[in-house]
Amino acid sequence: MSVTSPERPAETTTKRVLLAAPRGYCAGVDRAVVAVEKALETYGTPVYVRKEIVHNKHVVETLRERGAIFVNETDEVPEGARLVFSAHGVSPAVRASAEARSLETIDATCPLVTKVHKEAVRFAKDDYDILLIGHTGHEEVEGTAGEAPEHVQVVNSPDEVDQVVVRDPAKVVWISQTTLSVDETMETVRRLRERFPSLQDPPSDDICYATQNRQVAVKKLAPECDVVIVVGSANSSNSVRLVEVALQSGARASYRVDRKAEIKDEWLEGATTVGVTSGASVPEILVQDVVSHLADHGFGSVEEVRTATEDLMFSLPRELRAGLKAAGEETKRPRREARKELPQV
Ligand code: 10E
Ligand code: SF4
């Protein structure tokens with residue numbers, strides 16, 4: 001595989017793949033998936049997980065096969081059992097209900113989501129109206145809004161800005177879900193600021209580094225592509241955003257697939273350049289499957305289009321580290337490249 005920029009002579013007709021980098025697992029997903037794996041290894045079954053640990057079918061199916069039991073709510077978990085909170089975070093009400101059932105919780109909330117929770121708590125304490133830009137019903141939004149329900153209102157898109165009502169226009173702040181389209185969010189903020197000129201920004205970017213990096217990479221390759229294939233599940237916000245970003249950035253077509261079997265031959269008809277990327281919850285093995293499927297269809301040349309290098313790694317959840325230590329097990333983790341990916345199901 002060569003590392004090149006996507007520029008090529010106009011007359012080139014070699015069928016090729018432009019492979020976005022960064023793509024796939026972010027530090028928060030990696031930590032959450034490893035947390036469930038380690039919990040299963042250390043404590044044995046049953047280990048319950050509230051909601052999907054990350055929004056990826058393959059990951060959830062694989063962990064289920066290893067013994068994880070996925071539930072929707074804490075009241076489905078037997079009293080005193082072990083429960084992992086997903087990477088998307090939970091509201092204080094969920095924590096309280098887990099405590100009321102004496103559950104042994106392991107909090108796999110991504111630290112970058114926790115950072116946004118803390119912002120909500122702080123601004124609520126200072127009595128701001130908090131405009132949470134994000135998607136109603138998404139678990140991360142439910143968790144963040146649940147930190148201060150009486151202060152937070154969710155703004156789904158630029159079109160919703162006109163319906164926002166605040167108590168004091170001089171005391172309004174916006175925060176956001178971590179996995180949104182950067183461009184659409186900036187448009188929402190622009191419109192909010194038109195209405196509320198004193199609108200305060202969050203202390204730092206809420207859309208996380210991984211979301212931003214994957215969008216920048218897809219923006220770079222999309223103008224060169226006849227079609228961009230995004231590997232990711234339908235409920236994965238950041239994966240779905242990558243399809244939108246690819247289309248807005250000049251790809252003639254873009255499709256999301258969970259796995260290579262979903263790629264339709266007609267998508268590739270007449271195409272010369274196919275872009276490939278994956279959401280933050282997607283194991284690399286699924287991307288490599290797609291790349292080899294494309295090779296079987298004549299797209300044998302693969303060029304990586306890299307726009308950033310990521311080396312962030314989070315330590316495992318505190319409760320799990322304590323459990324590992326008590327069991328005499330290693331709490332430090334090898335770098336990601338040195339570990340095996342989840343096997344294919
Ligand atoms: O739907 P999302 O993109 O938020 O989730 P995902 O599980 O596909 O990717 C990881 C992102 C998380 C955990 C939220 N910040
Ligand atoms: Fe954390 Fe960002 Fe990954 Fe979400 S997408 S888990 S916020 S690093």
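Okay, a definition to start: when I call a residue nonpolar here, I mean Ala, Val, Leu, Ile, Met, Phe, Trp, Tyr, Cys or Pro, while Asp, Glu, Lys and Arg count as charged and the others, Gly among them, as polar. And keep in mind that what you're looking at is a predicted model.

Let's take ligand 2, since that's where the definition comes in. Around ligand 2 you'll find Cys26, Gly28, Val29, Cys110, Leu112, Thr178, Thr179, Cys208 and Tyr209. Sort that shell by class and you get six nonpolar residues, three polar ones and no charged ones. As for where ligand 2 is, look in the largest cavity.

Now over to ligand 1. What does its shell look like by class? For ligand 1 we have four nonpolar, 10 polar and one charged residues. Out of the 15 residues around ligand 1, the ones that come nearest are His55, Ser236, Ser237, Asn238 and Ser281.

Ser281 is worth a click, by the way: a polar atom of its side chain is 2.7 Å from an oxygen atom of ligand 1. Thr179, which we just met in the shell of ligand 2, also has a polar side-chain atom 3.3 Å from an oxygen of ligand 1. With Asn235 it's the backbone instead: one of its N or O atoms there lies 3.4 Å from a ligand 1 oxygen.

And how much of ligand 1 does the protein bury? On its own, ligand 1 exposes 380 Å², and 97% of that is buried by the protein. Ligand 1, too, sits in the largest cavity.

Definitions and conventions. Residues are numbered from 1 along each chain as its sequence is written. Chains are lettered from A and ligands numbered from 1 in the order in which they are written. This is a predicted model: local features need pLDDT of at least 70, side-chain atom pairs count only at pLDDT 80 or more; totals for chains, interfaces and linings use all residues. Side-chain values use heavy atoms; hydrogens and water are left out. A residue is near a molecule or strand if one of its heavy atoms lies within 4 Å of it. A polar contact is a pair of N or O atoms within 3.5 Å; within protein, one must be able to donate a hydrogen and the other to accept it, and residues adjacent in sequence count only if both atoms are side-chain atoms. Accessible areas come from the Shrake-Rupley method with a 1.4 Å probe; for residues, only the protein chains shown count as cover. On a 1 Å grid over the protein atoms alone, a cavity is a set of points where a 1.4 Å probe fits but cannot get out, and a pocket is an open set with protein on both sides within 12 Å along at least five of seven lines; lining residues have an atom within 4 Å of a point. A molecule sits in a cavity or pocket if more than half of its atoms lie within 2 Å of its grid points.
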